[in-house]
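Dear colleague,

I am passing on the structure we spoke about, and I would be glad if you could look through it alongside the notes underneath.

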Amino acid sequence: MTALLAMNLRTSMGYIAISHKTLVYTSVWTSKWDAHALEPGWDVRVVIPSSQKSWIGKAYHIKDIIAGRYYYPREPDGLGEVSEQSRPLKEGEVAEWVLLDGTPATCANIGLHNLYHGQIDLLISGPNLGRNSSAAFALSSGTIGAALSSALSKVRSIAISYGTVLHPTPTEFYEPAHRLGARIIGHLWQHWGADEGGLRAGEVDLYNINIPMIPELLSDAGLTICWTRIWRNSYGRLFKAQRPRDPAVADTIAAAGPDSPDERPEGTQAGWLDKKATPKDVGGLVFKFAPDMTDLINPAASSVPIGTDGWAIRKGWVSVTPMRATFGEPVDWNVESEADMESKIWRMKL
């Protein structure tokens, strides 16, 4: 089996599985994940963005020329050499990765259709360092965007993210999170769910996994894992007026986005970012991405519906959410024939 990883360099890792035993990873966490990837026998390929692409969703930069390079990571830290040409591995190098100047979704599509056409069984996007639970995060997520891109090509796809709880996240949490994520992915691969509306052979299109980075990862009992649905939440202001070239607002949000380990806790507290600029600065028409994510990252218990991914993360549980590669539709939409469409036809004159 073959898998391909397609996610953000530095903060995430992903892979797509091609034909029946191949894996592809897409982040500096790849070398760590490769040691845990599913059961033995998978062939791994890595295709990842060459720079940070957080909060990019399922975007494609359609007017860009996508250039790439080869990267050769070494153990134990994943540091390595960049090359313009593919070459044999040198001593100490563990793999050949492809770095593309594109989005996670671009990496997924090029990996599937240009680099390893017809070879991939499974795409895994992640792990992203930062939660991708709830509609507000999921609809903005490059991690989920890569999995959606793959699912639309009728390839099984999984997105996986690590929810930041402690700042900074203790480094000892990552190894058990990698092992747990690999076990969950292996189980999903072996028991892929059915969905009569699925794009591929009546299967679930993709899964979204969120693992909270909490001390219980180190316990013998581990974390509870549960099936969830997406919490349909919302957000407000994402951008803040900024004085042009004002150094006081040069660093209001981490490059990896809200909830990343790099994001300072005070940067998500209500009112903190508001001190950076005043309403009169709006007239300058200069704005910076500087969201107030307080209610999304630390919501009140009463606001989070039971059984949602946000509810699970708040409880310290792992959420596994089956998803369709489509925008949501009304739950009571039942149309089997043209006759059923009679009730859907607009009768009013406009």
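The notes below take up a strand, a helix and a single proline.

This is a predicted model, in which local features need pLDDT of at least 70 and side-chain atom pairs count only at pLDDT 80 or more, while totals for chains, interfaces and linings use all residues. Residues are numbered from 1 along each chain as its sequence is written, and side-chain values use heavy atoms, with hydrogens and water left out.

Strand E7 (strands, E, are DSSP runs of at least two residues, and helices, H or I, of at least four, numbered from the N terminus) spans residues 97-100 and is covered on both faces, with Trp 97 and Leu 99 buried on one side and Val 98 and Leu 100 buried on the other; buried means under 20% relative accessible area with a 1.4 Å probe, protein chains only. Strand E4 (residues 43-49) runs parallel to E7 and is joined to it by four bridges, and Val 47 stands opposite Val 98. Strand E5 (residues 68-73) pairs with E7 in the antiparallel sense, also over four bridges (pairing requires that DSSP finds at least two bridges), and here Arg 69 has Leu 99 as its bridge partner.

In helix H4 (residues 142-151), ten of the ten residues are buried, and what covers them includes helices H2 and H3 and strands E8, E9, E10 and E14.

Pro 176 lies in helix H5 (residues 174-190) and is buried, at a relative accessible area of 9%. Leaving aside residues up to four places away in sequence, Pro 176 touches Leu 217 and Leu 218 (contact means heavy atoms within 4.5 Å).

Best wishes

Technical notes:
Buried < 20%, exposed > 50% of the residue type's maximum accessible area, 1.4 Å probe, protein only.
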